[in-house]
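Colleague: Could you take me through this model before I read anything into it? I would like each answer to end on the value or name I asked for.

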There are 2 protein chains.
Amino acid sequence: MSALELQRYLHEHLPLTRAMGVTVVSVHEDEVRLQAPLAPNINHHATVFGGSASALAILAGWSLLHTRLASGGLPARLVIQRNTMEYERPIAGTFSARATFESPAAWPEFETLLRRRGRARITVPVVLEYGSIVAGRFSGQFVALAADAAAPG
Amino acid sequence: MSALELQRYLHEHLPLTRAMGVTVVSVHEDEVRLQAPLAPNINHHATVFGGSASALAILAGWSLLHTRLASGGLPARLVIQRNTMEYERPIAGTFSARATFESPAAWPEFETLLRRRGRARITVPVVLEYGSIVAGRFSGQFVALAADAAAPG
């Protein structure tokens, strides 16, 4: 799935991504990068609203897993279960969210478990950046349910 | 500050609240309740996008502190430092976020410290509700800096 295909998917299925002006910067096997401009995400301090920062991080984490599952021919329902977010610096302009894996083993372990049991959990770290400055750190736990498994309770 | 005044403030200063369709349900000394409809916050599973749920919780927590500071004649810059969010149930319609204090002592302790030192931290729990169902739980740590204190570093 290319950056443009992912962006089309987000804009079509998650209207808030259009309102936020989310664009997909790059999609790689082990890293997805999204960005958004300040204007639609501004707060009363003329910096980025924490809710927008959080939302972009969730989208980046979800996108990393979604595109990797798609490229592996492994359709699954992907849901966020919990997350933490640290807001380290105010953001006064266009900002980006870069999602990666915690370790080289994280994806293979997740994929093996998902194929074997139809269900698996994975934690995805995301760094929020404003220019070259780290502005925040997110960690999200997602659960995937293989498309042919029973629906979650 | 009334519910309508708070809603006007949010819509004027945080454009994403308009995009999300956020409305202020009620403002009390110890509880603020916001809500948002499904349509602008929908995801690819036809339920509420986690980023919208998170954003509404942050707004509710911030609003509880902002309105209480305003009613106490205590102008302060209020910033979120970190948060956790648990997504417990999918939300398939209008949802609300109810912010309260952790304990009866939480506000007086925060206010005393803010008046004395010009800076104080407080943790605000927020419950996400879909009808009468608890759909998620948020906990946000905010820092307040008295308006006449030095700007934060």
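The questions below go from the sheet to the contact between chains and then to two single residues.

Modeller: Keep in mind throughout that this is a predicted model.

Colleague: Which strands stand at the edges of the sheet, each with a single partner strand?

Modeller: The open sheet has 12 strands in the order β1(A)-β2(A)-β4(A)-β5(A)-β6(A)-β3(A)-β3(B)-β6(B)-β5(B)-β4(B)-β2(B)-β1(B), with antiparallel pairing. An edge strand has a single partner, so one side of it is left without a neighbour in the sheet. The strands in that position are β1 (23–28) of chain A and β1 (23–28) of chain B.

Colleague: By how many degrees are neighbouring strands of this sheet turned against each other on average?

Modeller: The pairing in this sheet is antiparallel, and the angle is taken with direction ignored. On average, the turn between neighbouring strands is 20 degrees.

Colleague: Which residue is the bridge partner of T123(B) in β6(B)?

Modeller: Strand β5 (residues 119–130) of chain B runs antiparallel to β6(B), and 12 bridges join them. In β6(B), T123(B) is bridged to Q141(B).

Colleague: What angle does the direction of helix α4 (residues 106–117) of chain B make with that of β5(B)?

Modeller: Helix α4 of chain B packs on the sheet and touches β3, β5 and β6 of chain B. Its direction and that of β5(B) make an angle of about 145 degrees.

Colleague: Which element gives the most to the side of chain B that touches chain A?

Modeller: In the contact between the chains, 27 residues of chain B meet 27 residues of chain A. On the chain B side, α2 (15–20), α3 (50–71) and β3 (76–87) each supply at least two residues. That side divides into 14 nonpolar, 11 polar and two charged residues. With eight residues, the element that gives the most is β3(B).

Colleague: Which residue in β3(B) stands opposite M85(A)?

Modeller: Strand β3 (residues 76–87) of chain A pairs with β3(B) in the antiparallel sense, over five bridges. Within β3(B), the residue opposite M85(A) is N83(B).

Colleague: Are α3(A) and α3(B) roughly parallel or roughly antiparallel to each other?

Modeller: The axes of helix α3 (residues 50–71) of chain A and α3(B) come within 8 Å and cross at roughly 160 degrees. An angle over 145 degrees counts as roughly antiparallel. The two helices, α3(A) and α3(B), are therefore roughly antiparallel.

Colleague: What is the handedness of that crossing of α3(A) and α3(B)?

Modeller: The residues making the contact include G50(A), S54(A) and I58(A) of α3(A), and G50(B), S54(B) and I58(B) of α3(B). The contact residues divide into six nonpolar, six polar and no charged. The crossing of α3(A) and α3(B) is right-handed.

Colleague: Is S2(B) buried or exposed?

Modeller: S2(B) lies in the segment before α1 (3–13) of chain B. A residue counts as exposed if 12 or fewer other C-beta atoms lie within 10 Å of its own. S2(B) has 11 such atoms within 10 Å, so S2(B) is exposed.

Colleague: How far apart in space are V134(B) and R89(B), C-alpha to C-alpha?

Modeller: V134(B) is in strand β6 (residues 133–146) of chain B, and counts as partly exposed because 13 C-beta neighbours lie inside 10 Å. Leaving aside neighbours within four places in sequence, V134(B) is in contact with E88(B), V127(B) and E129(B). V134(B) and R89(B) are 45 residues apart in sequence, and their C-alpha distance in space is 7.5 Å.

Terms used:
Residues numbered from 1 in each chain as written. Chains lettered and ligands numbered in written order. Predicted model: local features only at pLDDT ≥ 70, side-chain atom pairs only at ≥ 80, totals over all residues. Contact = placed C-beta atoms within 7 Å. Helix = DSSP H or I, 4+ residues; strand = E, 2+ residues; numbered from the N terminus. Nonpolar A, V, L, I, M, F, W, Y, C, P; charged D, E, K, R; others polar. Pairing = 2+ DSSP bridges. Axes fitted to C-alpha atoms, helices over the stretch in contact; angles between N-to-C directions. Parallel < 35°, antiparallel > 145°, perpendicular 65-115°, else oblique. Left-handed = near helix turned anticlockwise from the far one by under 90°. Buried ≥ 20, exposed ≤ 12 C-beta atoms within 10 Å, placed from the backbone.
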